[in-house]
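Me: Can you go through this structure with me? I want the ligand sites to begin with, then whatever else is worth a look.

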Amino acid sequence: MMRQSSLVVVANRLPLDDNVAPDGACEWRRSPGGLASALHAILEGTTATWVGWGGGIGAAPPLPDIGTLRLRPVALSEDELRGYYEGFANTTLWPLYHDAVEQPVFDRGWWETYRTVNRRFAEAAAEVAEPGAAVWVQDYHLQLVPQMIRELRPDVLIGFFMHVPFPPPELFMQLPRRLELLGGMLGADLVGFQREQAAHNVAQLAGKMLGARGADDAIIYDGRVVRTGAFPVSIDVTEMEALSARPYVLNQARQLKHDLGQHKKVLLSVDRLDYTKGIEHRLTAYSELLRDGRIKVRDTVMVQVAVPSRERVESYRGLKDRIEREVGRINGEYGRVGEPAIHYLNQPFDRADLAALYRTADVMVVTPLRDGMNLVAKEYVAARADDTGALVLSEFAGAAAELQDAFQVNPHDLDGLKKTLLDALDATPADLRRRMQAMRAHITENDIHAWARAYLSALDHTGQLARRLPRQRAVLADRA
Ligand code: ADP
Ligand code: F6P
């Protein structure tokens with residue numbers, strides 16, 4: 001008999017891949033990405049079930065629980081991986097939802113696979129949800145799942161949260177299967193977004209395309225009220241603060257500073273290697289500052305961490321090639337022996353080493369062309385408990401609505417970007433302290449636990465669901 005849970009989370013990815021240790025032990029493997037970071041913090045220690053793809057191809061082995069959290073793997077074949085994940089999710093929806101900064105591709109075969117795979121996720125969720133459970137579906141990969149679950153299990157409460165931006169109506173209207181995608185999402189009882197504008201866009205679309213009535217906080221569709229709203233996702237601030245104060249991290253940060261050049265100002269960027277992150281624009285700005293003599297490699301250095309992502313998708317391969325060529329060019333032109341202008345790291349990092357990088361950076365440069373939230377920006381703020389460091393933040397990241405004391409910038413405006421980088425490099429300690437304190441106060445108040453509580457208490461008015469979550473994780477023990 002399949003075990004059932006009162007809270008079921010459905011996300012494309014499980015928080016670990018399919019290579020569970022031979023002894024069956026199973027550890028959190030935090031895959032890079034905002035969704036895994038956010039859900040990891042709130043689900044660890046609960047008795048929820050997480051339904052998702054384990055990262056491999058073909059039959060999914062049963063996975064052991066992670067502590068009390070249960071995992072229900074969903075299998076994908078090679079063709080499904082290409083059509084559903086690499087195709088429709090990441091070559092159609094992803095670029096379209098990010099302002100079409102890369103041309104979206106519409107392919108009829110991918111759509112069929114997307115629908116088949118969404119149905120499989122819905123069936124898995126329906127199987128593990130106890131009567132009257134809450135089922136919380138995540139992100140653009142699974143946009144048809146809410147309506148499918150409603151058909152399979154009318155007794156459950158259904159939530160949907162979109163981690164990425166939801167585009168303006170004129171862009172969404174380009175989708176050949178727009179009606180199904182909109183209706184699928186509105187199968188939920190509560191549809192959450194990162195920003196209010198997204199809820200407004202959906203209300204407009206629902207009126208125009210489905211003849212639904214409604215406003216930015218509720219849509220009447222199919223004889224039901226679908227509530228909508230903004231719930232900006234966040235990070236586990238306590239965890240990042242504790243992590244960045246560990247002796248190991250402080251030692252690593254000292255070592256990094258030494259290796260990069262004791263007296264140098266360090267600019268840092270940490271992204272998945274994705275065209276939405278604005279990496280090329282940033283490299284151009286940095287290179288022009290070197291060319292203009294406004295910064296010199298003897299006193300400034302840049303570290304660009306670009307973790308591999310969606311490597312079989314053509315646009316990602318092309319981007320990687322272009323970035324690597326440009327880094328090579330900049331280092332060739334401006335670097336000196338033993339003194340590169342840019343350190344480029346195309347590799348995953350564990351959390352402690354990321355925290356050490358955050359501790360080392362004088363200026364954190366987060367300049368996506370469009371981003372649902374960008375948790376890296378919030379992680380940097382949480383890691384700077386000593387109120388030092390500058391955050392340069394794109395106006396087009398969801399985080400910009402909250403982190404108003406960052407050095408905000410339009411990344412398309414190269415001169416503006418160059419000037420903002422210089423402003424951040426030259427800012428006084430007093431100015432930086434004021435900005436950092438204001439930003440940290442905001443994220444401390446609005447951390448990941450507050451996000452989950454706000455969402456789940458909106459989904460379930462009784463407040464029972466929210467009470468089952470841990471208020472915050474136990475502070476990590478020091479492991480020097
Ligand atoms: P996205 O969801 O688009 O990847 P976010 O900035 O919201 O963007 O989230 C990225 C998450 O992935 C953060 O929690 C960050 O710490 C993590 N991450 C980013 N780069 C790496 C890396 N090189 N190694 C490990 N984790 C990373
Ligand atoms: O945060 C947006 C998002 O697409 C998440 O859904 C996803 O986990 C993350 O980016 C990383 O992408 P992927 O799962 O394709 O590696």
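**Ligands, a salt bridge and a cavity**

Reply: In this predicted model, the side chain of Asp 139 has an N or O atom 2.5 Å from an oxygen atom of ligand 2.

Me: Which other side chains put an N or O atom by an oxygen atom of ligand 2?

Reply: Tyr 85 does, with a distance of 2.5 Å. Arg 310 does too, at 2.8 Å.

Me: And how much of ligand 2 does the protein bury?

Reply: The protein buries 91% of the 380 Å² that ligand 2 exposes when taken alone.

Me: How many residues are around ligand 2, and which come nearest?

Reply: There are 12, and the nearest are Arg 13, Tyr 85, Asp 139, Tyr 140 and Arg 310. By class, the shell around ligand 2 has 6 nonpolar, 2 polar and 4 charged residues.

Me: OK, ligand 1 now. What surrounds it?

Reply: Ligand 1 has 19 residues around it, with Gly 34, Ser 37, Arg 272, Phe 349 and Glu 379 the closest. That shell divides into 10 nonpolar, 5 polar and 4 charged residues.

Me: Which elements supply at least two residues of that shell?

Reply: Three helices and two strands are on the list: helix H1 (34-43), helix H12 (351-360) and helix H13 (375-383), plus strand S10 (265-272) and strand S11 (300-307).

Me: What about polar side-chain atoms by the oxygen atoms of ligand 1?

Reply: Glu 379 has one 2.6 Å from an oxygen atom of ligand 1. For Arg 351 the distance to a ligand 1 oxygen is 3.1 Å. Arg 272 also has a side-chain N or O atom 2.6 Å from an oxygen atom of ligand 1.

Me: How much of ligand 1 is buried?

Reply: Alone, ligand 1 exposes 570 Å², and 92% of that is buried by the protein.

Me: Changing topic. How many salt bridges are there?

Reply: The count is 35 salt bridges. One of them joins the side chains of Asp 65 and Arg 3, at 2.9 Å from N to O.

Me: Where do Asp 65 and Arg 3 sit, and what does the pair tie together?

Reply: Arg 3 is in the segment before strand S1 (5-13), and Asp 65 is in the loop between strand S2 (49-53) and strand S3 (70-74), so the salt bridge links parts 62 residues apart in sequence.

Me: Last thing, cavities. How many of 30 Å³ or more does the structure hold?

Reply: It holds 2 cavities of 30 Å³ or more. The second largest has about 40 Å³ of space.

Me: Which residues line the second largest cavity?

Reply: The lining is made of Gly 389, Ala 390, Leu 391, Asp 405, Ala 406, Phe 407, Leu 432, Arg 435, Met 436 and Met 439. Strand S14 (390-394) and helix H15 (429-445) are the elements that give two or more residues to that lining. H15 has the largest share, with 4 residues.

Me: And how does that lining divide into nonpolar, polar and charged?

Reply: There are 7 nonpolar residues, 1 polar and 2 charged in the lining of the second largest cavity.

Notes
Residues numbered from 1 in each chain as written. Chains lettered and ligands numbered in written order. Predicted model: local features only at pLDDT ≥ 70, side-chain atom pairs only at ≥ 80, totals over all residues. Heavy atoms only, no water. 1 Å grid on protein atoms, 1.4 Å probe; cavity = no way out; pocket = protein on both sides within 12 Å on 5 of 7 lines; lining within 4 Å. Points joined across faces, edges and corners; volume = space filled by probe spheres on them. Nonpolar A, V, L, I, M, F, W, Y, C, P; charged D, E, K, R; others polar. Near = heavy atom within 4 Å. Polar contact = N/O pair within 3.5 Å; in protein donor to acceptor, adjacent residues only side chain to side chain. Areas by Shrake-Rupley, 256 points an atom, 1.4 Å probe, with all protein chains shown as cover. Salt bridge = Lys/Arg side-chain N within 4 Å of Asp/Glu carboxyl O.
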